[in-house]
Amino acid sequence: ATPTAIMVGTGQGARAGMLVKNAEALELAERIDVLAVDKTGTLTEGEPAVTDVVAAEGWTRGQVLAVAAALEQSSAHPIAKAVVMAAKEDDEARGVAFAPAEAVRAIGGKGLVGRVRGVQGGTEDGGEREIVLGSPAFVAEHGAVVPDATLGELAAAGRTLVALACDGRFAGLIGVADRVRADSAAAVARLQAKGLRVVMLTGDHPATAAAIARQTGISDWRAGVLPGDKAAAVQALAAGGARVGMAGDGINDAPALAAADVSFAIGVGADVAVEAADITLVRNSLHGVADAIDLSRATLSKIR
Ligand code: ADP
Ligand code: MG
């Protein structure tokens with residue numbers, strides 16, 4: 001494409017909410033074969049809310065929420081905001097008193113580990129406890145098993161699952177719902193109609209991933225993908241010479257965005273994603289990717 005055509009295309013894009021950082025990306029967009037999409041914040045609104053709290057024997061729902069919130073206080077993850085908010089709004093959780101969490105560490109795509117003193121759940125003495133909070137697979141790594149029955153029902157409903165373990169024992173499960181964006185299914189259908197293979201990548205539980213995929217018309221997805229493995233998953237999609245696009249929003253997605261031939265940052269939430277992406281879509285919608293492909297086609301046809 002001539003520099004002039006690209007400049008005109010870039011200007012048109014900017015007016016329509018597509019900020020093209022890399023001119024080559026505008027040329028490549030129409031040639032994408034596979035589009036990898038992140039789940040949280042891309043297909044979904046990325047503003048999760050707590051919908052369910054299940055307490056293990058010896059625990060109350062209020063204790064589960066309060067201890068979870070104590071750890072989440074230090075996390076910037078969207079799940080953390082939801083848990084802290086739910087604990088604040090819950091009368092029972094507000095009545096649970098204990099010292100602030102200490103030595104809290106975040107493990108990307110998995111959850112948090114920390115120590116809490118004064119917790120009554122599961123025991124009578126209020127000594128120091130090791131708390132693990134995060135995906136069921138993560139707490140299982142620490143020896144705590146989430147009962148299948150509890151897990152299955154919430155995951156089938158599309159809930160993201162956050163398990164709580166105390167000293168290696170299962171203490172409770174929190175279900176978090178993140179609404180699928182109203183226009184995600186239509187945007188996926190539009191992309192598929194262009195001949196693109198749409199693949200969802202998520203760190204979430206497989207049953208949760210399956211539920212969100214079903215709601216958005218995506219038949220191809222990978223669950224339990226850790227942030228560090230998302231880039232490799234994008235590279236794997238390029239096997240056989242396919243051109244791969246990646247659409248994501250989160251901080252977690254920056255390496256995957258960088259690994260794609262053409263990358264799209266949805267919304268202006270995470271600066272890191274915006275920095276890593278070729279094209280930033282100001283509107284919080286996957287339609288922006290289809291719009292960018294249309295713009296790419298229009299820009300190139302002018303000079304052919
Ligand atoms: P996604 O790929 O959908 O954006 P992430 O990679 O951020 O999700 O997280 C994957 C899973 O790890 C979540 O579904 C959740 O179970 C767990 N997790 C990660 N961070 C946290 C946190 N701060 N609090 C609770 N759970 C977390
Ligand atoms: Mg994400």
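**Stop 1: strands E5 and E6.** Select residues 111–117, strand E5, and residues 128–134, strand E6. This is a predicted model. The two strands run antiparallel and are joined by seven bridges. Now pick out Val-113 and look across to E6: the bridge partner there is Val-132.

**Stop 2: the whole sheet.** Widen the selection to the sheet. Six strands form an open sheet, in the order E3-E8-E7-E6-E5-E4. The pairing is antiparallel. Which strands stand at the edges? Colour E3 (49–55) and E4 (102–107): these are the edge strands. Each has a single partner strand, so one side of each is left without a neighbour in the sheet. Look along the sheet for its twist. On average, neighbouring strands are turned by 20° against each other, direction ignored.

**Stop 3: helix H4 on the sheet.** Add residues 61–72, helix H4. H4 lies across E3, E4, E5 and E6, and also across E7 (160–166) and E8 (169–177). Against E3, the helix runs at about 125°.

**Stop 4: Gly-172 in strand E8.** Stay on the sheet and select Gly-172, which is found in E8. Is Gly-172 buried or exposed? Count the other C-beta atoms within 10 Å: there are 26, and the cut-off for buried is 20 or more. Gly-172 is therefore buried. Next, show Ala-56. It is 116 residues from Gly-172 along the chain, yet their C-alpha atoms are separated by 5.1 Å. Ala-56 is also one of the contacts of Gly-172, leaving aside neighbours within four places in sequence. The others on that list are Val-53, Val-54, Ala-55, Trp-59, Val-64 and Leu-164.

**Stop 5: two positive phi values.** Go to Ala-103, in strand E4. Its phi is near 50°, a positive value in a residue other than glycine. Ala-103 has 9 other C-beta atoms within 10 Å; 12 or fewer means exposed, so this residue is exposed.

Then move to Asp-167, in the loop between E7 and E8. Asp-167 is not a glycine either, and its phi is positive, at about 50°. How many C-beta neighbours does Asp-167 have inside 10 Å? There are 17, and Asp-167 counts as partly exposed.

**Stop 6: Asp-33.** Find the loop between helix H2 (23–28) and strand E2 (34–38), and select Asp-33 there. This residue is partly exposed, with 16 other C-beta atoms within 10 Å. Which residues does Asp-33 touch, not counting those up to four places away in sequence? Show Leu-196, Arg-197, Ala-242 and Arg-243. Now draw a distance to Ala-69. From C-alpha to C-alpha the two are 42 Å apart in space, and 36 residues apart in sequence.

**Stop 7: helices H1 and H14.** Finish with residues 3–15, helix H1, and residues 287–301, helix H14. They pack with their axes 10 Å apart, at an angle of about 150°. That makes H1 roughly antiparallel to H14, the cut-off being over 145 degrees. The crossing of H1 past H14 is right-handed. Show side chains for the contact. From H1 come Ala-5, Ile-6, Gly-9, Gln-12 and Gly-13. H14 supplies Ala-292, Leu-295 and Thr-299. How do these residues divide into nonpolar, polar and charged? Four are nonpolar, four are polar and none is charged.

Terms used
Residues numbered from 1 in each chain as written. Chains lettered and ligands numbered in written order. Predicted model: local features only at pLDDT ≥ 70, side-chain atom pairs only at ≥ 80, totals over all residues. Pairing = 2+ DSSP bridges. Helix = DSSP H or I, 4+ residues; strand = E, 2+ residues; numbered from the N terminus. Axes fitted to C-alpha atoms, helices over the stretch in contact; angles between N-to-C directions. Contact = placed C-beta atoms within 7 Å. Parallel < 35°, antiparallel > 145°, perpendicular 65-115°, else oblique. Left-handed = near helix turned anticlockwise from the far one by under 90°. Nonpolar A, V, L, I, M, F, W, Y, C, P; charged D, E, K, R; others polar.
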